[in-house]
Amino acid sequence: MRARLLACLPLAFLAGPATAQEGPVLQTLDYANTRYSTLDQIDADNVGRLKVAWTFSTGVLRGHEGAPIVVGHVMVVHTPFPNVVYALDLDRGGKILWRYVPRQEAGVIAVMCCDTVSRGLAYAEGRLFLQQADTTVVALDPETGRVLWSVKNGDPGRGETNTATVLPVHGKLIVGLAGGEYGARCHVTAYDQATGRRLWRAYATGPDADMLVDPATTTELGHPIGKDSSLTSWEGDQWQTGGACSWGWFSYDPDLNLVYYGTGNPSTWNPNQRPGDNRWAQAIIARDADTGIARWVYQMTPHDQWDYDGVNEMILTEQVIGGRPRKVLTHFDRNGFGYTLNRATGELLVAEKFDPTVNWASRVEMDPAAPGYGRPVIDKRYAPGEADEDETTKNICPGALGAKNQQPAAYSARTRLFYVPTNHMCMDYEAFRVTYTPGQPYVGATLTLHPPEGTDRTGAFIAWDGAKGRIAWTIPEPFSVWSGALATAGDVVFYGTLEGYLKAVDARDGHELYRFKTPSGIVGNVTTYRHDGKQYVAVLSGVGGWAGIGLAAGLTDPADGSGAVGGYAALSQYTAPGGQLTVFELPDPVPPAAH
């Protein structure tokens with residue numbers, strides 16, 4: 001791995017509090033993906049007094065997803081491509097301790113589907129872990145930024161890239177892959193945290209042995225999936241270019257020793273070219289962390305016709321459903337349904353729309369005795385696969401961006417509500433025939449994004465009652481909410497907007513408590529930390545991601561960005577590209593007047 005370290009200082013800055021770090025430090029705050037902080041110094045009564053404590057420019061003008069992480073007194077900040085990493089000393093006003101600047105070929109940018117974003121690093125067992133855009137996985141020495149080991153997880157020449165964070169668990173590092181728009185055959189891989197040695201790899205399509213599934217013991221909805229469950233759901237050898245990439249988030253249940261994640265769209269986007277259910281694209285998968293063997297799977301959108309990737313986060317909580325407490329997994333899918341499943345068995349407990357405009361399916365069949373149990377009931381008026389190629393299917397809701405994309409939701413242990421950043425966007429979809437060529441786009445569809453009829457707003461921030469499967473309250477937003485949410489024990493929920501506002505709302509009823517306009521649109525995830533006994537809130541701003549790709553990449557054709565440039569054309573009136581970290585604090589108490 002070629003890399004250069006700039007201003008690399010031999011500082012033993014981890015000899016103090018950082019070496020006492022217990023457990024991993026994750027983008028998701030915890031293994032359960034709740035994005036809930038027990039910090040409560042900032043609460044619903046005082047959050048309105050927040051002020052900017054300090055800022056830091058990353059020097060990169062593309063979409064800044066993810067969040068900084070804090071280990072002891074050191075904050076680690078990442079950027080989009082070229083994936084620069086900064087270590088900042090919180091004891092010395094954010095002084096740069098070291099920079100890690102990987103050398104990656106610029107051609108990687110051309111095969112990154114939807115902006116050059118990165119969802120950040122993780123820390124465990126004295127190492128920082130990053131998967132770069134070119135799929136190189138690196139372990140960094142947190143004291144110096146020195147590369148401890150590196151491995152290549154994919155091949156950008158075949159359209160394989162990465163935008164996701166990583167999951168350190170049980171001495172292993174779990175990583176995914178992107179490339180569904182290039183016909184990549186994707187996988188999830190576990191590496192040894194200490195050495196980088198590959199321990200297991202599980203493909204999403206193909207033979208059972210490649211997918212690490214057992215036809216007799218791996219189940220879907222309580223039934224064994226059977227032999228060749230993937231092979232029999234594709235025509236011929238199409239599974240070899242089947243996509244199903246895991247470019248989103250991972251969660252982990254230490255009691256069950258299961259890792260949970262979702263898979264993305266099948267390739268191509270033209271459904272007429274790939275008859276069958278296309279397993280296991282757009283599925284939730286639960287795997288044994290040590291062996292990689294799948295315990296259970298559940299496919300949310302069989303034979304996808306809309307690009308409804310299933311990679312959004314899996315949130316692990318306990319909910320009272322059917323009159324008794326259950327350990328469950330909740331997932332807000334791009335297809336517009338909020339799912340709750342028994343996380344030990346994969347039993348489907350709840351599946352309801354979390355955006356009322358969803359029209360591609362009327363419901364999910366919940367009767368175990370009915371034909372099609374667990375499958376969506378599709379409205380064929382909004383199914384491009386029912387139309388002839390080169391014929392446009394109009395007003396499909398949600399659009400390909402989904403009713404929610406990768407921007408992670410949060411869950412409050414106090415209110416028992418989920419807080420969900422959503423898109424409110426529909427589309428017109430036209431499929432066309434495409435030929436697979438390695439390293440070239442393998443999409444086979446064009447689309448136009450637009451708001452639902454009767455409105456010009458394209459986003460909302462909602463609170464969701466997971467046990468009942470219904471919206472508790474809604475905050476309409478003019479643009480999609482593309483940032484991750486953060487819930488805290490102070491009964492405050494934070495999120496960011498594409499125009500650049502950091503907002504704080506009351507966790508109980510959603511009324512706004514605070515807002516601040518940052519220099520650029522926020523597609524990063526709000527986080528919080530404590531330093532020297534004081535709680536801080538931090539967020540990266542830098543417009544981008546799929547929704548902001550027009551501004552981030554300077555695109556002007558409305559059809560570019562799979563229709564996002566036209567769908568979010570008005571965004572340029574509110575913000576501009578940027579790359580900045582903004583950190584907030586409460587003002588210090590005013591000392592009493594002298595007498």
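The exercises below treat the internal spaces, a nonpolar core and one buried proline of a predicted model.

Residues are numbered from 1 along each chain as its sequence is written, and side-chain values use heavy atoms, without hydrogens or water. Because the model is predicted, local features need pLDDT of at least 70 and side-chain atom pairs count only at pLDDT 80 or more, while totals for chains, interfaces and linings use all residues.

**Exercise 1.** Describe the cavities of the structure and the linings of the two largest.

*Solution.* Step 1: on a 1 Å grid over the protein atoms alone, a cavity is a set of points where a 1.4 Å probe fits but cannot get out, and lining residues have an atom within 4 Å of a point. Points are joined across faces, edges and corners, and a volume is the space filled by probe spheres set on them.

Step 2: the search of the whole structure gives five cavities of 30 Å³ or more. The largest holds about 320 Å³, and the second largest about 60 Å³.

Step 3: 28 residues line the largest cavity, with Cys 113, Cys 114, Thr 163, Glu 181 and Trp 247 nearest its centre. Its lining comprises twelve nonpolar, nine polar and seven charged residues. Here Ala, Val, Leu, Ile, Met, Phe, Trp, Tyr, Cys and Pro count as nonpolar, Asp, Glu, Lys and Arg as charged, and the others, Gly among them, as polar.

Step 4: the lining of the second largest cavity includes Leu 26, Thr 165 and Trp 249; five of its residues are nonpolar, three polar and none charged.

**Exercise 2.** Identify the residues that touch the most other members of the largest nonpolar core.

*Solution.* Step 1: such a core is a set of buried Ala, Val, Leu, Ile, Met, Phe, Trp, Tyr and Cys residues joined through side-chain atoms within 4.5 Å, where buried means under 20% relative accessible area (1.4 Å probe, protein chains only).

Step 2: the largest core has 49 residues, and Tyr 298, Tyr 339, Leu 348, Leu 498 and Tyr 568 touch the most other members. Apart from it lies another core of 33 residues, among them Ala 139 and Val 169.

**Exercise 3.** Place Pro 271 in the fold and determine whether Pro 271 is buried or exposed.

*Solution.* Step 1: Pro 271 lies in the loop between β19 (258-262) and β20 (283-288), strands being DSSP runs (E, at least two residues) numbered from the N terminus.

Step 2: Pro 271 has a relative accessible area of 2% and is therefore buried.

Step 3: beyond four places in sequence, the residues touched by Pro 271 include His 303, Pro 384 and Ala 431, contact meaning heavy atoms within 4.5 Å. Pro 271 and His 303 are 32 residues apart in sequence, with their C-alpha atoms 7.1 Å apart.

Note on methods. On a 1 Å grid over the protein atoms alone, a cavity is a set of points where a 1.4 Å probe fits but cannot get out, and a pocket is an open set with protein on both sides within 12 Å along at least five of seven lines; lining residues have an atom within 4 Å of a point. Buried means under 20% relative accessible area, exposed over 50%, partly exposed in between (1.4 Å probe, protein chains only). Helices (H or I, at least four residues) and strands (E, at least two) are DSSP runs, numbered from the N terminus.
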